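Me: I'd like to go through this one with you and check what the labels rest on. Could you take me from each value to the term used for it?

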Amino acid sequence: MKKRSIIPILYIAFLMLPIYWLVAMSFKTTNEILSGFSLFPQTFTLANYVAIFTDPTWYWGYINSIIYVTMNTVLSVCVALPAAYAFSRYRFLGDKQLFFWLLTNRMAPAAVFALPFFQLYSSMQLFDTYLAVALAHTLFNVPLAVWILEGFMRSIPKELDETAYVDGYSFPRFFVKIFLPNIKAGVGVAAFFCFMFSWVEMLLAKTLTAVEAKPIAAVMTRTASSAGYELGLLAAAGTLTIIPGAIVIWFVRNYIARGFAMGRV
Amino acid sequence: MIELQDAVKQVGNVTHIKPTTLTLQAGHFNVLLGATGSGKTSLIKLMAGLDPIAQGRVLMDGQDVTRLNTQKRNISLVHQFFVNYPHMSVFENIASPLRVAGMVESEVQGRVEEAADLLQLRPMLGRRPHELSGGQQQRTALARAIAKESRAVFLDEPLANLDYKLREELREQLPDLFAGRGAVVVYATSEPEEALLLGGHTALMEDGRVTQFGPTADIYRNPENIAAARVFSDPPINLAKITISSAQAQLAGGGSWAVFDATHLPDGEYTVAVRPHRVTPFRTSEADVELTGRVIVTELSGSDSSAHFQHGDDAWVSLATGVHPYQVGEDHSFYMNPAHCRYFGQDGKRVV
């Protein structure tokens, strides 16, 4: 047993190294970081975190990010649910092509759309709003959510739908009371991926916001001052950025395994 | 009562159900008997309103339901695969159609418990479907159909996925479960034996059409065409080419007899059909025709023995009670009473 666990332990330690370094740095002073190599913080400080939680420009970055990411997740999953249902249940002209086209949207680099989105959203008075970023991120999140949900829905036999109709369920009632509870794992996985991709996406979020909806990623680029970069502060901000993702992963960890088992994700 | 009037089901260019007219009554089982792919499920879905009807009409108790949604037809359906709501307990599963209909809770409770008692599900009411055996899962689906007290119950090969013992057990129970409920019971199966055991009426299905419909025993005794005779026989019915001249039948491989009541039959080629159990290794009457043939395969099942033998160009099957000492590869004599023969013309239709 010991022999077998050595390699995974080494692998995980290797993966965790940069994260450890980030967390360790966040508890150091900028001077210590710049002065040389140290494995542990020599002078342990919480000043970096205090700075973030007391400065509105800092913590509003987080709040803004969480707001548009949540909006995007809800929007993407709600749009993807009916689409995925149609793909999993009906055959129509060009259904496979349409499905593939949806997936190709996922492959489109965000940079390509930055400029047209900026133009479009500015003219629609959407610039620097949460909705702007949330909508822009649906570009790659809706196809992903459709793809994941379709896989989960396909595993539910069509006979379940028929049984529900025979029992008297109307379509909306069937969808909410019977169908959704049976694919809730899929909804969890889809929501998780939407959350993650929206959370880490920076280019569109930065381009489409100025002040009101500025994401944390944009705030972090402004730590440069006359005294140079405030590395400790930056590391603390980075550490805090990891936390929401870690929390979400904790909640959906079992579902993700099921998603993998079903050939999607 | 369910009436189909020239009902047609089409998907794209493929016709799944050819124009079908059929009247199914309550009070007894209506069995749809046919091989896999003969259109039994298609016909059920058509009656249930799950698939759109291309032409014709469907009536339930005289009311035209052709354009009525499944939800409003007040029917029940049990699939071949055990379909229950996985996220609900057995109780919730049985109660679900009642709850949807907005029934008061006290009555829901009573109906569910009554159905659960009938199907011996009382101890499982609190469990989830996936915690039950296959037989219990299917009984849950049946209980849901019974508790609903709908005017039509469609059972689409409900026993096909159960093991032999459970199947027998449940099959025995089925007629009692639905007796006196006033619902039209439609039961699809591919096994002739089930049709005979369940009684009532049988509709023989082949290639998307009902080839014959009537009381099960009548259909068994008097198949209208070769297809019907073939569908309703297990082991397969013996079919052999004969020539009839002056009301005298002649088998190609030897053996001849007088065809009863066939004086008007024009001379020519015909097909004779005899059920395997009417071909025995011993004489059953004076009129018996002797067939001699080489035994190819023998089987023993319980106290029955069957023999496949070659007679002329035709392969015959004999099924007789008792254990008979056949020697594979040797010639044996078999006897057939011409009174049990059915004759079909070149077009496959029954003559005489």
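Reply: Sure. A starting point for helix pairs: axes are lines fitted to C-alpha atoms over the stretch in contact, and angles run from 0 to 180 degrees between N-to-C directions. Keep in mind that this is a predicted model. In chain B, the axes of helix α2 (residues 90–100) and helix α3 (residues 105–118) come within 9 Å and cross at roughly 130°.

Me: Why are α2(B) and α3(B) called oblique to each other?

Reply: Set the angle against the cut-offs: over 145 degrees would count as roughly antiparallel, and 65 to 115 as roughly perpendicular, with the rest oblique. The two axes cross at roughly 130°, so α2(B) and α3(B) are oblique. As for handedness, the crossing of α2(B) and α3(B) is right-handed.

Me: Which residues make the contact between those two helices?

Reply: From α2(B) come Phe91(B), Ile94(B), Ala95(B), Leu98(B) and Arg99(B). On the α3(B) side there are Val108(B), Arg111(B), Val112(B), Ala115(B) and Ala116(B).

Me: What makes two of the residues in that contact charged?

Reply: Arg is on the charged list, with Asp, Glu and Lys. Arg99(B) and Arg111(B) are in the contact, and the split is eight nonpolar, no polar and two charged.

Me: How do you know whether Val153(B) is buried or exposed?

Reply: You count neighbours. A residue is buried if 20 or more other C-beta atoms lie within 10 Å of its own. Val153(B) has 24 C-beta neighbours inside that radius, so Val153(B) counts as buried. The residue belongs to strand β7 (residues 152–156) of chain B.

Me: What does Val153(B) touch, leaving out residues up to four places away in sequence?

Reply: Ser76(B), Ala145(B), Phe178(B), Ala183(B) and Val185(B). A pair is in contact if the C-beta atoms lie within 7 Å. For another pair, Val153(B) and Glu194(B) are 41 residues apart in sequence, with 17 Å between their C-alpha atoms.

Me: What makes up the side of chain B that touches chain A?

Reply: In this contact, 17 residues of chain B meet 14 residues of chain A. On the chain B side, β6 (75–78) and α2 are the elements that give two or more residues. That side divides into eleven nonpolar, six polar and no charged residues.

Me: How is chain B divided into domains?

Reply: Domain 1 covers 2–231 and domain 2 covers 238–351. Their C-alpha centres lie 37 Å apart. The contact takes six residues from domain 1 of chain B and eight from domain 2 of chain B. The domain 1 side has four nonpolar residues, one polar and one charged.

Me: And where do the domains of chain A run?

Reply: Domain 1 of chain A is 1–45 and domain 2 is 55–261, with 31 Å between their C-alpha centres. Eight residues of domain 1 and seven of domain 2 form the contact. On the domain 1 side, α1 (2–26) and α2 (30–35) of chain A each supply at least two residues, and α1(A) gives the largest share, four residues. That side comes out as four nonpolar, three polar and one charged.

Me: How many helices and strands does chain A have?

Reply: Chain A has 13 helices and two strands. Its C-alpha trace spans about 70 × 65 × 30 Å along the principal axes. By the neighbour count, 34% of the 265 residues in chain A are buried.

Definitions and conventions. Residues are numbered from 1 along each chain as its sequence is written. Chains are lettered from A and ligands numbered from 1 in the order in which they are written. This is a predicted model: local features need pLDDT of at least 70, side-chain atom pairs count only at pLDDT 80 or more; totals for chains, interfaces and linings use all residues. Angles under 35 degrees count as roughly parallel, over 145 as roughly antiparallel, 65 to 115 as roughly perpendicular and the rest as oblique. A crossing is left-handed if the near helix is turned anticlockwise from the far one by less than a right angle, and right-handed if clockwise. Domain bounds come from an automatic or database domain assignment. A residue is buried if 20 or more other C-beta atoms lie within 10 Å of its own, exposed if 12 or fewer, and partly exposed in between; C-beta atoms are placed from the backbone.
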